[in-house]
Amino acid sequence: MSTPTTTADAAVPLHDAPDHETQAWWRDAVTYQVYIRSFADGSGDGIGDIAGLRSRLGYLADLGVDAIWINPWYPSPMADGGYDVADYRAIEPVFGTLAEADGLIADAHDLGLRVMLDIVPNHTSDRHEWFQAALAAGPGSPERARYHFRDGTGPNGDQPPNNWHSLFGGRAWTRVTDPDGRPGQWYLHLFAAEQPDLNWTNPQVRREFEAVLRFWFDRGVDGFRIDVAHALAKKADLPDLAQPLPADESNPEPDHPYWNRSAVHDIYRGWREVADSYDPPRAFVAEAWVRDPERLALYVRPDELHTTFNFPFLQAPWRAADMHAAIDSTMAALAAVGAPATWVLSNHDVARQVSRYARVQGEVPGFNLDDLAGLPADLEVGHRRARAAAMLMLALPGGAYLYQGEELGLPEVEDLPDEVLADPTWTRSHNTRRGRDGCRVPIPWSGKTAPFGFSSMGAEAAWLPQPATFGQHAVAVLDQQPDSILNLYRRALRIRRQHPALGDGELEWLDSPRDTLMFIRRPDFRCVVNFGADPIRLPLDGTIILASTDVPDETLPPDTCAWLVP
Ligand code: GLC
C-alpha cells in the first residue's frame, strides 16, 4: 500500500476550535512572519509594502495561519533592514502610510488574522530625534543620558571606553564630532554604528516605550515581537569583557555585561501591565537568544511576557537525539512557569532550513550562511527534511512561527553578488561575512521570470535579485502540485486547527527505534519521524492522515514524518 502525502482530511474529526478563538490565542497560534520588504510589492518600486501585503492577506488566511508578525515598518534609514527606527509612531514612506497600516490591521482582523508588530527597544536609529538631540546637547546633558555616552580612554580620549565589539563586526563604540568640529565622546552600539543603544536605567526610556506600545495597541495591534529582548539591561559602569569578541549570544557566562541580565525582567513586568490593561489583553513574544532553558523560562513567568522563541530547537541538528533534547528541555522548563512553547525553524536572521538541513548534520558550526558556505549541500535532502521538520514542529505542544517562503521550500540564496548585499554585517566585517541577505530575497508568487509576481505593478527587478530557480517555488506553481510543500503546509495547518489533540497541551514520548522519534498527543494523535538514513517499518498502528513523503507498504522512508490516528 502506498500512502500519498495527500491523505484524506476526512479522517480528522471536527471539534470546537481550541485556544486560538479565546483570549489565550497566543498559547497555540501559528504566526506567519512577514519580512515586509520582501513579501509583496504593491507600488511597483521593487520593494515590498503594505499595499502588497494587503493584497495577499487572502493567501495567508487560506494557508491557515492564525496571526502575522510584521518586521519593522517604521521610518528608517535602513542601515539594518528597518531595525534602526527613526520614529516609532509612524510608517516608513517606502512601505506606505499610517492610514494604510490601519487598513491592513482592519483587513487582517476581518479575515480572522491577528497582527503582531516588531518593537526595537535596545537601540534607536542615529536619525531618531532623541539621538540628534543628544549629539546637539553635549556631554553630561539629560539628552545624552538616554543613551550610553562615555569619554574615551587613552591619551586625548581617542580609545573606546571599553573592549566590547559590535555583533556585526568592528568595535561597539563610535566617537562623535562635537558641534565645534572637535572629536567628542563615544557612544555604545552593540549592532551597527547607526543603532545607538538606549540606556534602560533612564526612566524616560521606560515611559517612552510603554507609550509606544499603547500607541499601537490603541490602533488594534494584537501584540509585539520584542527585538533582542535579552540585551536591554547593561551592567553598571560597562566593564571590559574578559573575552572581548562577541560572546556566543545565546550561551554567555552568567553576569555577562549585556546578555541576559536579570534587570530586563522588571522592564517586561511593566510591559505586561500595559498589555493586560487592554481588552482583549495584548501579547508578546521575546526574541531572546538564551540557550539555558531555565533562564529562558524566566522571561515567560506569569507576570512577564507571554511567549519566547525557542531557538535551541532551530539550532538543533536534524538528528533524533538533538531534537529530542531540545524539545524536552524546553517543555520541562516552560511547564515549570506555566508558559507554552513557541517553536520556530527559521527567520530573517538565519539561513533557510532547506539549506541548513542540506548539510551533514552536527558538523555545521552555526546557523548562518557564513557558517554553511563551503560545506557540500544536497538540497533535495534539505527539502525532504524541511518538510518533515515542519510537520514535527506543527505537532508539538504550543505555538509556532513560520517565516515567509518556508512554505514554498525556498533555499537560502547563497550566491548574491557582492554589490547587492545590504546586511551591515558585510561592510562591518570588511567584506569577510556575507550576512543574512540570502534568506531575505523577495518571494516568488507567479510567472516564469523575475520578479515572479512579487511586484504587481510591473517593476522589472526586486530589491534583491531572485535566482531563476525561484520560479519553480512560485505559489502559482506549487498550488498546482497536489504534493507540493505548500499544499503540505496547508494540510498540516488545517489538521492542526481541527484536531483536538494539537496546539496547546502535553506530549508523551513512546519508545521508538534508533534514529526515530515517536510521540502521542491525547486524544488520538500520533507523530513519528525517521531521522535515520534507512527506511524503517512503520512502528505505530493507525491510519496515516498526513505524511511528509510517500509511505509505501508501511515503510517510513528516511527524513520523513507521519501523523496517524487510531
Ligand atoms: C534582531 C533582529 C535582527 C537585527 C538585530 C538588531 O536580532 O532580528 O535582524 O539586526 O536584532 O536590531
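Start with the shell around the ligand: by class it has 7 charged, 4 nonpolar and 3 polar residues. Keep in mind that this is a predicted model. In total, 14 residues surround the ligand, and the closest are Asp80, Asp227, Glu287, His348 and Asp349.

Which side chains put a polar atom by an oxygen atom of the ligand? Asp80, His123 and Arg225 do, and the table gives the distances.

| Side chain | Ligand atom | Distance |
|---|---|---|
| Asp80 | oxygen | 2.6 Å |
| His123 | oxygen | 2.9 Å |
| Arg225 | oxygen | 2.9 Å |

How much of the ligand does the protein bury? Taken alone the ligand exposes 310 Å², and the protein buries 96% of that.

Now for a pocket. The second largest one has a volume of about 290 Å³. It is lined by 15 residues, and those closest to its centre are Leu379, Pro411, Thr469, Gln472 and His473. Two elements give two or more residues to this lining: α10, covering 353-357, and α12, covering 379-395. Sorted by class, the lining of the second largest pocket splits into 6 nonpolar, 6 polar and 3 charged residues.

On to the sheets. Strands of a sheet pair through backbone hydrogen bonds, and the pairing is either parallel or antiparallel. One open sheet here has 3 strands in the order β5-β7-β6, with antiparallel pairing. Its edge strands are β5 (149-150) and β6 (173-177), and each pairs on one side only. Between β6 and β7 (residues 183-188) there are 4 bridges, and the two strands run antiparallel. If you want to trace the register, Thr177 has Pro183 in β7 as its bridge partner, while Arg175 is partnered with Trp186 in β7. β6 and β7 also make up a hairpin, with 5 residues between them. What is the phi of Gly181 in the turn of that hairpin? Gly181 has a positive phi of about 90°.

Another open sheet has 5 strands, ordered β13-β14-β15-β20-β17, and its pairing is antiparallel. At the edges sit β13 (508-509) and β17 (543-547), each pairing on one side only. β17 is joined by 4 bridges to β20 (residues 560-565), and these two run antiparallel. One bridge to look for pairs Thr543 with Val565 in β20.

In a regular strand, side chains alternate between the two faces of the sheet.

Finally, a few backbone details are worth finding in the viewer. Where are the cis peptide bonds described here? One joins Asp279 and Pro280, with omega about -5°. Pro280 itself lies in the loop between α6 (264-276) and β9 (283-286). Another cis peptide bond runs from Ala450 to Pro451, with omega near 10°. For that one, look in the loop between α13 (424-428) and α14 (475-479), where Pro451 is found.

Then there is Asn260, which is not a glycine yet has a positive phi, near 55°. You'll find Asn260 in the loop between β8 (223-226) and α6.

Notes. Residues numbered from 1 in each chain as written. Predicted model: local features only at pLDDT ≥ 70, side-chain atom pairs only at ≥ 80, totals over all residues. Heavy atoms only, no water. Pairing = 2+ DSSP bridges. Near = heavy atom within 4 Å. Polar contact = N/O pair within 3.5 Å; in protein donor to acceptor, adjacent residues only side chain to side chain. Areas by Shrake-Rupley, 256 points an atom, 1.4 Å probe, with all protein chains shown as cover. Nonpolar A, V, L, I, M, F, W, Y, C, P; charged D, E, K, R; others polar. 1 Å grid on protein atoms, 1.4 Å probe; cavity = no way out; pocket = protein on both sides within 12 Å on 5 of 7 lines; lining within 4 Å. Points joined across faces, edges and corners; volume = space filled by probe spheres on them.
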